[in-house]
Amino acid sequence: MSVVDRIQAQLAANPVVLYMKGTPDFPQCGFSSRVVQALEACHADYAHVNIFEDPELREALKEYSHWPTYPQLYINGELVGGCDIVMDLYSKGELSTMLANAGSKL
C-alpha cells in the first residue's frame, strides 16, 4: 500500500483525524497541544497520527494536503487547517458544530 493510500484509508476510516507532532497525551509541540486542547474542549472523538513515527507519511502528507506545517486537522476527509485556523474556528464556536456534523461528538 502506498503512503497516499494509507493517508486516504486513515481519512476514510475516521470522521476526524489529527496529524500531529506527538500524541494527545504527550504533544511534542505547542501548536499540536493547542489543537488537542480545542478538540478535547469540544468533546471530540478523533483519531490521531504521530507524524514522528512515520517519516514517509510526514513528507507525503505535505504534498497530499498542499499544507506545509503540522498539525493538520481533517474533518470528513477534508483539510480544515492548522493550529491558527482551528483555534479561530474554536473561538467562534464553529469547530464544535463542524465536529457534531461529522458525528464526532462524544
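Me: Which residue does Lys 62 meet in a salt bridge?
Reply: Lys 62 pairs with Glu 59, with 3.7 Å from N to O. Keep in mind that this is a predicted model.

Me: Where do Lys 62 and Glu 59 lie?
Reply: Both sit in helix α3, three residues apart, which is about one turn of the helix.

Me: Are Lys 62 and Glu 59 buried or exposed?
Reply: Neither label fits. Lys 62 is partly exposed, with a relative accessible area of 27%, and Glu 59 is also partly exposed, at 45%.

Me: How many salt bridges does the count come to?
Reply: Four salt bridges. Among them is one between Asp 54 and Arg 6, where the closest N and O atoms are 2.4 Å apart.

Me: What parts does the pair of Asp 54 and Arg 6 tie together?
Reply: Asp 54 is in the loop between β2 (47–50) and α3, while Arg 6 is in helix α1, so the pair links parts that are 48 residues apart in sequence.

Me: And which residues join Asp 54 in one network?
Reply: Arg 6 and Glu 56. The salt bridge of Glu 56 with Arg 6 has its closest N and O atoms 3.1 Å apart. Glu 56 lies in helix α3 and Arg 6 in helix α1, so this pair ties together parts 50 residues apart in sequence. Salt bridges that share partners thus join Arg 6, Asp 54 and Glu 56 into one network.

Me: Buried or exposed, for Asp 54 and Arg 6?
Reply: Asp 54 is buried, at a relative accessible area of 19%. Arg 6 is partly exposed, at 23%. The cut-off for buried is under 20%.

Me: Staying with α1, which of its residues are buried?
Reply: Val 3, Ile 7 and Leu 11 are the buried residues of this helix, which covers residues 3–13.

Me: Where do they fall, seen down the axis of α1?
Reply: They fall within an arc of 75°, so they line one face of the helix. The face turned away from that buried side carries the exposed residues Ala 12 and Ala 13.

Me: What do the buried residues of α1 pack against?
Reply: They pack against β1 (16–20), α3 (55–65) and β3 (72–75).

Me: Changing topic to aromatics. How many aromatic pairs are there?
Reply: The count comes to one aromatic pair. Tyr 19 and Tyr 74 form it, in an edge-to-face arrangement, with 5.6 Å centre to centre and 80° between the planes.

Me: Which strands hold the two rings?
Reply: Tyr 19 lies in strand β1 and Tyr 74 in strand β3, so the pair ties together parts that are 55 residues apart in sequence.

Me: Are these tyrosines buried or exposed?
Reply: Tyr 19 is buried, with a relative accessible area of 0%. Tyr 74 counts as buried too, at 2%.

Me: Last topic, cysteines. How many disulfides does a search of the whole structure find?
Reply: Zero. For Cys 29, the nearest cysteine sulfur is that of Cys 83, 7.9 Å away. A disulfide needs the two sulfur atoms within 2.5 Å, so Cys 29 is in no disulfide.

Me: How far away is the nearest cysteine sulfur for Cys 42?
Reply: That sulfur belongs to Cys 83 and is 13 Å away, and Cys 42 is in no disulfide.

Me: Buried or exposed, for Cys 29 and Cys 42?
Reply: Cys 29 is buried, with a relative accessible area of 19%. Cys 42 is buried as well, with 4%.

Methods: Residues are numbered from 1 along each chain as its sequence is written. This is a predicted model: local features need pLDDT of at least 70, side-chain atom pairs count only at pLDDT 80 or more; totals for chains, interfaces and linings use all residues. Side-chain values use heavy atoms; hydrogens and water are left out. Buried means under 20% relative accessible area, exposed over 50%, partly exposed in between (1.4 Å probe, protein chains only). Helices (H or I, at least four residues) and strands (E, at least two) are DSSP runs, numbered from the N terminus. The arc is that of the directions from the helix axis to the C-beta atoms. Contact means heavy atoms within 4.5 Å. Rings of Phe, Tyr and Trp (its six-membered ring) pair if their centres lie within 6.5 Å; planes under 30 degrees apart count as stacked, over 60 as edge-to-face and the rest as tilted. A salt bridge is a side-chain nitrogen of Lys or Arg within 4 Å of a carboxyl oxygen of Asp or Glu.
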